[in-house]
Amino acid sequence: MSAQDTTSGVLSLIGLKKRFGDVVALDGTGFEVRPGRIVGFLGPNGAGKTTAMRCIFGLVRPDSGEVLWNGRPVGHGDRLCFGYMPEERGLYPKMRLREQLAYLARLSGMGRKVALEAVDAWLDRMGLGDRASSRLEELSHGNQQRVQLAASLIHDPELAVLDEPFGGLDPIGVEALAEVLRELANRGTAIVFSSHQLDLVEDVCEDVVIIDHGRVVMAGILEELRAASNHRHLSISVDGRPWVPDLPGIVQVENGRGSPRYLVARDAPIGDLLARARTVGEVTGFTFEPPRLTDLFREAVGR
Amino acid sequence: MSGLRQILLVASRDFIQRAKSRVFVVSMAVIVVVIVGLGLLLASESRRATPTYRVGVVGDVPVGFEKALGDAARSFDRRVRITDYSESAKAELALRKGRLDVAIVGGRTLMWKEAEDPQLAAIVSTAVQGLARARAIERLGLTSEQIASLLVPEPLGKRILKEPDEERTPRIVAATVSAVILYVSVLIFGQFVLLGVMEEKSSRVVEVILSRVRSRHLLAGKVTGIGVLGLVQMVIVGAVAWAVMRGVHIKGVDLSGITGRTALTMVTWYLMAYAFYSVLNAMLGATITRQEDVQGVAMIPALLLLPGYFVAMTAAASPGSSLARVFSLLPPSAPMVMPVRMAMGKVPAWEVVVAVGLLLASIYGLVRLAGHIYEGAILRVGRRVRLRDAWRAV
């Protein structure tokens, strides 16, 4: 089920449009997910992320546009090698873990024996090996989340579509999930997940797609997007204290517990700024770097 | 991965999970206990089925009275028990206390508590008059052959125009009982489908399933799995009922006439009824998410089933009534009413064909409609989805 060559395992969404009554959910959404890449799918609430993901699985039929898998319209058979974790979590509450996961694996086309082996491997990996015969409802919330993740990946999919997979996880859970995703990507799985935790996305993803009002407003390799931005982050400390240069168009973007950060134009005269800082005192800190994902996001959605 | 394999996987999951559920196990046990209990009750009723009249005798009665009374009672399928009383007052007291049904005083007067029982009066009269007649003939001094020809006349010859239908009674019993079983079973298993669909929706697992399985396959698997369970239950219940009724020998009901063909007919009607109602239930189940909405939608199939059930129960008495005829053609009631009518006697072949045709056509239409509604409603969590909105959503 793994990618056979570099052109296989590519998911393309092209010009997806979908209206629900008066509400426009998708307005020409399009992007691509490649094997071995982790795509962060971002957007404000109601931007159309879930609808786009549901289109991949045929759960929502777009009014126009198409979803392609390896260049061909995605069919039912293709979807069996996709893994999906919906935003609304849920499995059968009264079914035992082992039979529940085996059932889902078999629905994805696995044979009974292979399915049970995969289940046992995943349960061990999730630290739930001793709970195999527990009912889902007997597990803690966090463990249910783990089972949910296992349910979407049990059949070793070529494409994993995860809607808010980090939602509700504690920091340990977050790290474990990030590890799982990196591992899958290393094995060639194409991954797309949505999230509101932008710092996290920055840590985990190579590619990002940002949508707003059903339209893709920014997409590409995260590092390239950052580098291509017209803005830069600037922070200067003089004598251990933040120093604010007098520069037209400077915007303070962060004032956390650390030193305040400012957004300036990409071609800001940093040589001059540094020279001016030196006239005030000893420069103890100076950073000038591409904007963070948070800033790109704000820039993209214009809010 | 073929759709069929997925349907079978879904069906076996639903079958196993439901079969293991407490509701099913308990209901199954209750039904079996009720049937066995009912059978034993019927059996003890039927053992007492030859009623015995208690007859009191005061004073002299003709010689041979006891035997004559017994013979007369037998011809009415009754028995008598005779008690002698030394005086009229004692017999009167026994009558008043209900220990006697009638008292014969001096071989001439019948004494009743309140009203005369015409049958008992006839039995006693037959015995008394028969003995009187025998004595009168004796006094005529005839030969024994002459006496015999007077007392035991040549029996009348008989000719029956219509061959008796040996299977008729068992067929009617089978049809009525299966109408009851069908009604209960379709109601219960239809609800299982409705709840099963709703629970998948409210637990949100349906989105996980539908990312792997086409909605119509999920629907088909669910309906099949629960339907097979219903069939298994019906077969078990039917077998227990059959065994109990055979085992206890209920008078007047000979079930040996229930043939494999009768059973097959019943199962076929059941399957069609189940298909109709389960698909309807699945469609309705897809429109709701919350437990409190169950009542509102579950009422719809229940109300559709009920009239057919009542008409089926009355159809045994009047199979040709226009009410029974109409309801035996309408798809929601045909599976209950038509088998009863068919068991009662001749139903024109075209009526059966029309009933089955209409039912199959409506099942087909319902499957199409339900598949569409199901798809449009199943992911819309929250308040009840209106059918029209669900239809438009796809």
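**Exercise 1.** Work out how the residues lining the second largest pocket of this predicted model divide by chemical class, and which elements supply them.

*Solution.* Begin with the classes: the lining divides into four nonpolar, four polar and twelve charged residues, where Ala, Val, Leu, Ile, Met, Phe, Trp, Tyr, Cys and Pro count as nonpolar, Asp, Glu, Lys and Arg as charged, and the others, Gly among them, as polar. Turn next to the elements, where α1 (3–20), α2 (22–47) and α7 (168–202) of chain B each supply at least two lining residues, and α1(B) gives the most, with five residues; helices here are DSSP runs of H or I with at least four residues, numbered from the N terminus.

Residues are numbered from 1 along each chain as its sequence is written, and chains are lettered from A in the order in which they are written. Because the model is predicted, local features need pLDDT of at least 70 and side-chain atom pairs count only at pLDDT 80 or more, while totals for chains, interfaces and linings use all residues, and side-chain values use heavy atoms, with hydrogens and water left out.

**Exercise 2.** Describe the contact between chain A and chain B, from its residues to its salt bridges.

*Solution.* First, the contact (heavy atoms within 4.5 Å) takes 31 residues from chain A and 24 residues from chain B. Second, the rule finds four salt bridges across the interface, each a side-chain nitrogen of Lys or Arg within 4 Å of a carboxyl oxygen of Asp or Glu. Finally, A:E88 forms a salt bridge with B:R204, with the closest N and O atoms 3.2 Å apart.
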